[in-house]
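This briefing describes a ligand site and the sheet beside which it is discussed. Please consult the display below before reading on.

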Amino acid sequence: MIKFENVSKKFSSSIIALDDINLEISQGEFIFLVGPSGAGKSTLLRILTREITPTSGQVSLDKVDITKIKESEVFKLRRKIGFVFQDFKLLDDRTVFENVALTLEALGKDDDEIRKQVEHTLKLVEIWDRRNLFPRQLSGGEAQRTAMARAIIGKPEILLADEPTGDLDPKTAWGVIQLLNEINSWGTTVLMATHNSEIVNSLKRRVVTLKGGKIIKDSKEGKYDL
Ligand code: ADP
């Protein structure tokens, strides 16, 4: 379970990205995070990866307050979390295969296991035929699928996705959503920030709406309603 308790993040005295957030997320939920630009969606996701530390409040994951863990322990937290952010952060000098294999190398898996799992995952996201290409040789959709493969291969407890369909054409965007649904059906909690109202309205999942750093709405089977 993920629990935000009275979480605020001030970047300066005038920039309050999150303002007293209280939010509970159960294991296995699929949640859309919506709200206008600057509402605080990315900040909320990046607090979970410990890229950002809140100014006040507690954030617990499996009862551990992640705002308090030492810098040297952050890697353990990140093992539980897969993330797909819009700036894919693929390594330019590694192939698709190598980019995805990195996650498992970090988990200390042996080469045989890595080869098998990378093949399985690249086939799942339908980019196995692109495995030897470098990121600059990929289309936006293929790069996004590579980022997705890298995020899911370690079977994370939680998957965070920040605008994962942002620059994609509708067909590719739906492919990404199907994949997120499938990952969720394995028991992974999915938290996705998006502006895509069509996707939010079709999936009928929990929708948390942020505005000005506050949660202004939290509804089960919600709608995109700003
Ligand atoms: P969203 O993802 O909903 O667009 P963000 O979480 O990116 O919103 O941003 C919330 C607010 O915090 C915005 O006003 C943004 O400009 C500000 N902000 C985000 N990151 C930083 C940063 N690193 N330094 C200063 N201000 C930031």
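The ligand is surrounded by Phe11, Ile15, Ala17, Pro36, Ser37, Gly38, Ala39, Gly40, Lys41, Ser42 and Thr43, a residue being near if one of its heavy atoms lies within 4 Å. The model is predicted: local features need pLDDT of at least 70, side-chain atom pairs count only at pLDDT 80 or more, and totals for chains, interfaces and linings use all residues. Residues are numbered from 1 along each chain as its sequence is written, and side-chain values use heavy atoms, with hydrogens and water left out.

**Ligand site**
- The shell divides into 5 nonpolar, 5 polar and 1 charged residues, with Ala, Val, Leu, Ile, Met, Phe, Trp, Tyr, Cys and Pro counted as nonpolar, Asp, Glu, Lys and Arg as charged, and the others, Gly among them, as polar.
- Helix H1 (residues 41–48) contributes the most to this shell, with 3 residues; helices (H or I, at least four residues) and strands (E, at least two) are DSSP runs, numbered from the N terminus.
- A polar side-chain atom of Ser42 is 2.8 Å from a ligand oxygen atom.

**Sheet**
- Six strands form an open sheet of mixed pairing, in the order S6-S7-S8-S3-S9-S10; two strands pair if DSSP finds at least two bridges between them.
- Strand S6 (81–84) and strand S10 (214–219) are at the edges with a single partner strand each, so one side of each lacks a neighbour in the sheet.
- S6 and strand S7 (residues 158–162) run parallel, joined by 4 bridges.
- Phe83 has Leu160 in S7 as its bridge partner.

Conventions: Polar contact = N/O pair within 3.5 Å; in protein donor to acceptor, adjacent residues only side chain to side chain.
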